[in-house]
Every structure is written in structure tokens, then in C-alpha cells.
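Please look over the structure shown here with attention to its empty spaces, its helix packing and its backbone geometry. A short report on these topics is requested.

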Amino acid sequence: MKHQQRSEPHLSPSSDTEDIVALLAPRLAYFAGVARTEHVTRAAQEMQVPQSTLSRAMVRLEQDLGVDLFARRGRTVSLTSAGRTFLTSVERALAEIERAADAVRADADATSGKVAFGFLHTMGSETVPGLIRAFRADHPRVRFSLVQNYGEAMIERLRSGELDLCLTSPVPDAPDLVARRLDEQKLRLVVPADHHLAARKRVRLAEAAEETFVTLEPGYGLRRITDDLCKEAGFRPRIAFEGEEAETLRGLVAAGLGVALLPPPAVPRPGVVELTVTAPRAAREIGVAWLEGHPDTPPVAAFKKFLLSRRGNLLPD
């Protein structure tokens, strides 16, 4: 059959890409099968579809594209020049789809799947490694994609589907999220080792009203808690430095650049003293959150169940 341009293509060159994909995608595997066998009957048998269905699909595909893909001689076919060009891209596209299908099946596998897990920076050095180690005692092949960030950023990544679960503080309250309180972490007033309060073990937060504070940047949950606790103590903190990581703030405190309200460190930091705050009650709730109505893969469901089982025993002693 002579290769010729059809005069009335079903799709014009200006058609939306999404429309083209929606029309062509279901027929690509059929096209590749016919091109491989060069015989409509054999292709139909291999793909276990009626021959009439396959023939109609190929005719419609050519109509949609506006070109002949096959030269036909009875039930035997051969690719035209346009057909060979199209086949190269179709085989590449089908291979990519197969790889994608393999990847999502692997991620959902109950024994070796993947969990996308977000957590606060302050939980990265000790809490999260301990949790994953304990979980993998019973699920040794489950893989993790770990993301450290501040609370609001992790919530957005939950909503976008980039994360399955996250440990965050404060525990979010939003209609599109499910959140469960898991534990509570006391906060301490961290002062330089030579500070006039350093000889104390306990302090009321109001006693630091005249101090300069170093804090996390706005948007971080701990910053919001710091502002709220200082307000409850009757003052607004004077902020000298804002950072993104608690241990950096400890370093600033050790350098004598201010005081800070922080959770306990994984390892004691020289140059600072950590004081118990007696009033107001200084603590932050730690919780796990996930997207409402979002289906869990088996590994995500298992890790979620594990986290919920650690309620009240999430943080290291």
C-alpha cells in the first residue's frame, strides 16, 4: 500500500496534548503487537483480543494520526516509514510505562515496599533512627525515603502526596488531615555556661524576660511555641538571631549571643546549661499526621500501626 497523507485527520495539530494522549494511549500496545508480528491474526492471538477489535483499533489509530502506519496485504502487514518512526517512540513509551508499573508495585510490596516519612530536624539524630531500627526488627526489607523539615513544610508535602506520614509539632488540626498525639517533649531554657542563671536548676520563664533570645525562624512549630510561652509568661521575647536548626541555636547560646527554649539535645553540648522551666508549663506535643482518605500501601500501614503503638513511648529516655 502506498504511503499517503490522509486528507481529514481526526486530530488536528493544534489538539491539546492531553486529548491526543487519551485517544492514542489505549491503542499503543496493540500497535506494537501488530508491528512485531506483522500479522493481525497472530497479534490478536498473542494479545488475546478479538481480531476485529485489533483491526478496528489500528484503523482508528491511523485516522487519529492522519497517516498510514501499515501497508496491508490481506492479514499480513508491514510498517510504513511513518510506522517505523512511530514504533521507535511507542516501544520506548511502553517500556517506560512498564518500568513505572514495576516501581509502584515494588514500593507497595508488603515486605520490601517504601515509606516516605517526614520528621522534624530535632528528631533526626536519635528519635527517628531508633524508631526505624525497632520497626525493621520485624520488617527488615522495608525501605524509607526520609525527609527532615519544619512542620508547615512537611504538611504541604503530605498534601502534595510526597510524604506518607510525618512526625511533627504542634500536632496539626486541619479537616484534610488525620493527626494523633504520640508523646510530649519538655522544653528547657538554654543559657550560656557563664550566665547569671546557670547555677540554677529550675527557673520561671518570666525571669528571662530581659534576655535576648535566639530562636527558629517564623513558620517553625517550635518558634510558635516559644512565642506563645513567652506571651503566657508576660513578655514578648527580644530576638537577636533566627535559625533553622536547634543545634545551631545551642551553638549561638554557647557563644553568649542569647538564650533559647529548646528540646533536650541528643548529646550534651558544652558551653551551655539547660534549665527546667517551672512556669508556664514548657512542653511540646509530638504527633504523627497523614492525609485524610489517602489509601495506605501495606508498608505504610504497617509503619503507621507501629508509630501508634509507641504512644507515650516515642521519645528516647
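The report below describes a predicted model, beginning with pockets and cavities and then turning to packing and the backbone.

## The largest pocket

The largest pocket has a volume of about 630 Å³, and 27 residues make up its lining. Those that lie nearest the centre of this pocket are Gln185, Lys186, Pro263, Pro264 and Pro265. Three elements, namely β6 (177–186), α8 (246–254) and β12 (272–279), each contribute at least two residues to the lining, and among the contributors β6 gives the most, with 4 residues.

Sorted by class, the lining of the largest pocket comprises 11 nonpolar, 6 polar and 10 charged residues.

## The second largest pocket

The second largest pocket holds about 160 Å³ of space. It is lined by 13 residues, of which Asp107, Lys114, Asp164, Thr297 and Val300 are the closest to its centre.

At least two lining residues come from each of α4 (81–108), β3 (114–119) and β13 (283–291), and α4 gives the most to this lining, with 3 residues. The class division for the second largest pocket is 7 nonpolar, 2 polar and 4 charged residues.

## Enclosed cavities

Rolling a probe the size of a water molecule over the atoms shows where empty space is left. In this model, 2 cavities of 30 Å³ or more are present. The largest cavity contains about 110 Å³ of space, and of the 15 residues that line it, Leu120, His121, Leu216, Tyr220 and Arg284 lie nearest its centre. By class, its lining has 6 nonpolar, 6 polar and 3 charged residues.

The second largest cavity holds about 40 Å³ of space, and its lining consists of Val214, Thr215, Leu216, Leu222, Arg223, Thr226, Leu249, Leu261 and Leu262. Two or more of these residues are given by each of β9 (212–216), α7 (221–232) and β11 (260–262). The lining of the second largest cavity divides into 6 nonpolar, 2 polar and 1 charged. Leu216 appears both among the residues nearest the centre of the largest cavity and in the lining of the second largest cavity.

## Packing of α5 against α9

Two packed helices are described by the angle between their axes and the distance between the axes. For helix α5 (residues 127–136) and helix α9 (residues 298–309), the axes come within 11 Å and cross at roughly 115°, and the crossing is right-handed.

On the α5 side, the contact is made by Leu131, Ala134 and Phe135, which meet Pro299, Ala302, Phe303, Phe306 and Leu307 in α9. The residues of this contact comprise 8 nonpolar, no polar and no charged residues.

## Aromatic pairing and a link along the chain

Across the whole structure, a search finds 11 aromatic pairs. One of them joins Phe31 and Phe70 in a tilted arrangement, with 5.5 Å centre to centre and 55° between the planes. Because Phe31 lies in helix α1 (residues 17–37) and Phe70 in strand β1 (residues 70–73), the pair ties together parts that are 39 residues apart in sequence.

Another link between distant parts of the sequence involves Ala179, a residue of strand β6. The C-alpha atoms of Ala179 and Gly287 are separated by 6.5 Å, although these residues are 108 residues apart along the chain. Leaving out residues up to four places away in sequence, Ala179 touches Val171, Pro172, Val288 and Ala289.

## Backbone geometry

Most residues other than glycine have a negative phi, and most peptide bonds are trans. Which bonds in this model are cis? One cis peptide bond joins Ser169 and Pro170, with omega about -5°, and Pro170 is placed in the loop between β5 (165–168) and β6. A cis peptide bond also joins Ala279 and Pro280, where omega is about -10°, and Pro280 lies in the loop between β12 and β13.Glu38, a residue other than glycine, has a positive phi, near 55°, and is found in the loop between α1 and α2 (40–47).

Key: Residues numbered from 1 in each chain as written. Predicted model: local features only at pLDDT ≥ 70, side-chain atom pairs only at ≥ 80, totals over all residues. Heavy atoms only, no water. 1 Å grid on protein atoms, 1.4 Å probe; cavity = no way out; pocket = protein on both sides within 12 Å on 5 of 7 lines; lining within 4 Å. Points joined across faces, edges and corners; volume = space filled by probe spheres on them. Nonpolar A, V, L, I, M, F, W, Y, C, P; charged D, E, K, R; others polar. Axes fitted to C-alpha atoms, helices over the stretch in contact; angles between N-to-C directions. Left-handed = near helix turned anticlockwise from the far one by under 90°. Contact = heavy atoms within 4.5 Å. Phe/Tyr/Trp six-rings, centres within 6.5 Å; stacked < 30°, edge-to-face > 60°.
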